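Work through the exercises below with the model open. Try each task before you read its solution.

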Amino acid sequence: MAGIITIDQEKCTHCGTCAKVCPSCIIEMGENGPECINDLSCMSCGHCVSVCPVGALENSRCPSEEMDPITQPMLDSRTVYEFMRQRRSIRNFTPEYVSEDKMKQLLEITRFAPTAANSQGLYFLVLSDKALIRKITDCVADWMQEEIDNKSPRRRYFMKVLHVYRERGIDIIGRNAKQLVFVLTRRLNVTGVSNSEQALAYAELYAPALGLGTTIMGFIETCARADYAPLRELLQVPPKQVVVGCLLVGYPKYKYHKLVNRQHLKVEFR
Ligand SMILES: Cc1cc2nc3c(=O)[nH]c(=O)nc-3n(C[C@H](O)[C@H](O)[C@H](O)COP(=O)(O)O)c2cc1C
């Protein structure tokens, strides 16, 4: 039975690059070139196909016909540095809703963020119901109150947050969101939180290019990651799934004019 990897013997130069880049270490160089020694351990990352300099290798798990050639030159470092520094957490928005198409455009880029062992498996839930979002922020406030009552180490911080949310009537929890994106994954996915963080980092960086602004909703995320049952119920999370991330999305109301500074780099070389 043919394995997942096939080699065009006419083209293969036996350079061995495919074996060197394979993260699962399942490609070995045999007499007739590269051979996959364990099909089941292939994580479908596509490195072997993408790196082959002569296009000699095919992997049925990630067919070359589904791969676009790299045509764009790498951007220069100054441009990328300034672009990345321009990203800001956006908490003030115009009244316009982000359409489903635009939201899909934003989330599309998350498919290419790294995930542990190429596990992927993130599901997105976009809420555009202000009343439901208000119920969600109230629910997170209730969870904070329970944490305070249960003498959680975070109680002092949560008391301050609740004072702002309840006494001053400012939505410090959900920033008056009209639209929230939740990230879900299977409960068994132990790297779901890390995968979600990588995915949302991609979305946050891509957003300004689409005219959008975003902010990580940390309070909501923390409550959701604690698997708080009332929040699960509001979001109708299926039993086998968990919420691992939450992002506020909208059209920015204000423009920023300066690049802010940060703590200096702390690094040690050994
Ligand atoms: C893990 C995490 C959680 C965050 N949670 C919130 C949040 O709940 N509400 C909020 O307004 N901003 C939140 N932020 C945004 C930070 O406040 C923001 O990144 C920081 O102040 C720096 O500003 P900048 O993102 O504009 O550079 C969060 C950021 C991260 C990384």
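**Exercise 1: Domains**

Task: How far apart do the C-alpha centres of domain 1 and domain 2 lie?

Solution: The C-alpha centres of domain 1 and domain 2 lie 38 Å apart. This is a predicted model. The domain assignment gives residues 5-66 to domain 1 and residues 79-250 to domain 2.

**Exercise 2: Helix α7**

Task: Find the span of helix α7, then state which of its residues are buried and what they pack against.

Solution: Start with the length. Helix α7 covers residues 192-206, which is 15 residues. From first C-alpha to last, α7 reaches 21 Å, close to the 21 Å expected at 1.5 Å a residue.

Next, list the buried residues. In α7 they are Gly192, Asn195, Ser196, Ala199, Leu200, Ala203 and Glu204.

Last, look for their partners. The buried residues of α7 pack against one helix, α4 (100-108). They also pack against the strands β6 (180-186), β7 (213-216) and β8 (241-250).

**Exercise 3: Two positive phi angles**

Task: Place Cys25 and Arg175. Is Cys25 buried or exposed? Is Arg175 buried or exposed?

Solution: Take Cys25. Its phi is positive, about 55 degrees, although Cys25 is not a glycine. Cys25 sits in the loop between α1 (17-21) and β2 (27-30). Count its neighbours: 11 other C-beta atoms lie within 10 Å of Cys25. The cut-off for exposed is 12 or fewer, so Cys25 is exposed.

Now take Arg175. Its phi is near 50 degrees, again positive in a residue other than glycine. Arg175 lies in the loop between α6 (155-167) and β6. Arg175 has 20 C-beta neighbours inside 10 Å. Buried needs 20 or more, so Arg175 counts as buried.

Technical notes. Residues numbered from 1 in each chain as written. Predicted model: local features only at pLDDT ≥ 70, side-chain atom pairs only at ≥ 80, totals over all residues. Helix = DSSP H or I, 4+ residues; strand = E, 2+ residues; numbered from the N terminus. Expected span 1.5 Å × (residues − 1). Contact = placed C-beta atoms within 7 Å. Domains from an automatic or database assignment.
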